Amino acid sequence: MEVGAEGFARRLPRLRRRILRAAFVALDMEFTGLHSTSVQNNEPSLFDSPAERYVKARQSVQRFTLVQLGLAIFSKENSSKYVVHSYNFFLFPSTLGIRDVEFTLSASSIQFLSHYGFDYNKFLKDGIPYMNEVQEKILRQRLLAGTWKVCSTSNADRDVLKKAIDEVTSWIAVAKEEDTMILQDLNGDHVLEVQLVLRQALENVWTEPLGDKKVMVKKVSPEHRQLLENSSYDHCQKELILLSARGFTNLFQILVKANKPLVGHNMFMDLMHLHDKFYRPLPESYEEFKRNIHNLFPVIIDTKTVTKSVQKKCLFPRVSSLLEVYAVLCSNLNPKGPPCPVIALASGCSRYAEKKSPHEAGYDAFLCGSVLLMSAHLLLCRSTDDAVEADPSFSHYLTVLAEHVNKVNFIRGGVSSINFSGEDVPCRHPPALIVHVQGWPGLTERQIYQEFKARCRFDVRRLSKNQFILLSSQYKHVRLVLRDYRHHPHLQVSVYRHWRHSPSVNCLLQISGIVALWSVLAFALGGTSSC
């Protein structure tokens, strides 16, 4: 089901009921970009610690925005069946009363989503507004002070507002008190904006919405207008304006309060965007970010981390994409065990049962939740020699998934996963290599990378003027380079030893040597003078 700004408020109560009844919720996001190229050395690297990667990713999250958020709500209908309601929410930053939001588009990301059929018109024209707590505080202050304004940035929005003002201004000059007129063909955002602009511009009008696309305008006396503003039926009360401007943030707050397990796939960037766009601007501290996310969502499960475990424990082919993992798990890897619960799409979401829609957020969220259930069932069947009960509850699945809870996959870095409920544990990489350059002056990290790229992939970092460190995630790549560069005329490659190759250790050893030498000389000279 696709949801835009026009029908979002109407669907919110039903969404809330479904989330509260859910066993868990899966999500996926699509962005205007991933890694900002405007900042030097912002690409993920095997050298990155989690804190260093967070700093890089934070800069990107602050520049890019969400275009679509997919939510798949998994509810257990009976002992052997889960029903899935999957939604695509088109999102667009709120333009009501806060400073105009700027964001960046990455050409490759836009092209990628276009290739998979993403509709940018829905993002731009019917995107659900949202704001974080800081933006909401600013809007609340401006509403109380009466200094808010509508940031209608497009010519189309300005034209709609101008046309409405012109129509009402011409009409009100000849209208009598209690006369009314109807403004028609407005969309969801314009219905509120037109009312706010008219009320701010004209003290003798009153407005009321008529459905989603019409506004009734009535000529009233200033005294009558004041009475109407203080009534409980005013659709432009400050709290209702805030509710409208918060948009999708209202659903985010429902998710937080529901306290359901949150499931994603490679969800580090998803969690950063959730924090930045709907909660608070991302803090500078990596540890503070982890604490905040854990407080918001105490149970997080990353299916990338889970499927890594499944591949090790079961006869599972090495596949990379979420769709490939889903296809393998659907092939029934445990034919002798009890069958996995049935996963059925609700009637309004049946398109996903008939057609694959990769990189559509709602579809990927559905895949993600399905992969979790099938993986958990497989791990449960393999975890015990005793017979698994025919219809295990979701709490049984959470038990077998306990080692993966709150462990979010960390792509190419110093740890295998980020632990949102504890300390991050370093992962075991193949040994680092050190390259000594001889007779090849001015060599850069980029040139070293290109030199080895033809054979295998290494991340490169300069150690000194003529030394570079290489890191790979593959042992076979390390062995290959050590073999092929054994007799290279300019590049001497060996295994990096910290005590031998680290400049800081070498400096310390040199200082220690000098101190020791002076001590010996002092002792010797002191001994000579005493004689």
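Which residue stands opposite Thr180 in strand 7? Select Thr180 and look across to the neighbouring strand, where Lys218 is the residue that faces Thr180. The model on screen is a predicted one, and the tour below starts from this pair before moving on to other parts of the chain.

**The strands around Lys218**

Keep Lys218 selected and add strand 5, residues 180–183, together with strand 7, residues 214–219; these two strands are antiparallel and are paired over four bridges. Now add strand 6, residues 205–210, which is joined to strand 7 by six bridges and also runs antiparallel to strand 7. Within that second pairing, Trp206 stands opposite Lys218, so labelling Thr180, Lys218 and Trp206 gives a useful set of reference points. Follow the chain from strand 6 into strand 7 and you pass through a hairpin with three residues between the strands, where Gly211 adopts a positive phi near 75°.

**Over to helix 6**

Next, select helix 6, residues 155–172, and pick out Lys163 within this helix. Lys163 has a relative accessible area of 54% and is therefore exposed. A distance label drawn between the C-alpha atoms of Lys163 and Leu183 should read 9.7 Å, for two residues that are 20 positions apart in sequence.

**Two helices that cross**

Move on to helix 13, residues 303–313, and helix 16, residues 361–382, whose axes come within 10 Å and cross at roughly 35°. The crossing of helix 13 with helix 16 is left-handed. To display the contact, select Thr303, Val306, Thr307, Ser309, Val310 and Lys313 on helix 13, and Cys368, Val371, Leu372, Ser375, Leu378, Leu379 and Arg382 on helix 16. Colouring the contact residues of these two helices by character gives seven nonpolar, four polar and two charged.

**The cysteines**

While helix 16 is still in view, select Cys381 and then Cys340, which holds the cysteine sulfur closest to that of Cys381. Why is there no bond between them? The two sulfurs are 8.5 Å apart, which is too far for a bond. Cys381 counts as buried because its relative accessibility is 13%, and Cys349, with a relative accessible area of 5%, is likewise buried. A search for disulfides over the whole structure returns zero.

**The sheet with two helices across it**

Now go to the open sheet of four strands, which has the order 14-15-13-16 and antiparallel pairing. Its edges are strand 14, residues 459–464, and strand 16, residues 491–495, each of which pairs on one side only. Looking along the sheet, you can follow a twist that averages 25° from one strand to the next. Strand 14 and strand 15, the latter made up of residues 467–471, are antiparallel and are joined by five bridges, and in this pairing Val460 stands opposite Leu470.

Add helix 18, residues 445–453, which lies across strand 13 (433–437), strand 14, strand 15 and strand 16, and runs at about 135° to strand 14. Then add helix 19, residues 475–484, which lies across strand 13 and strand 16 and runs at about 135° to strand 16.

**Stepping back**

Finally, show the whole protein chain, which contains 21 helices and 16 strands. Of its 531 residues, 47% count as buried. Among contacts in the chain with a separation of 6 or more, 72% are between residues 24 or more positions apart.

Note on methods:
Residues numbered from 1 in each chain as written. Predicted model: local features only at pLDDT ≥ 70, side-chain atom pairs only at ≥ 80, totals over all residues. Heavy atoms only, no water. Pairing = 2+ DSSP bridges. Axes fitted to C-alpha atoms, helices over the stretch in contact; angles between N-to-C directions. Contact = heavy atoms within 4.5 Å. Disulfide = S-S within 2.5 Å. Buried < 20%, exposed > 50% of the residue type's maximum accessible area, 1.4 Å probe, protein only. Left-handed = near helix turned anticlockwise from the far one by under 90°. Nonpolar A, V, L, I, M, F, W, Y, C, P; charged D, E, K, R; others polar.
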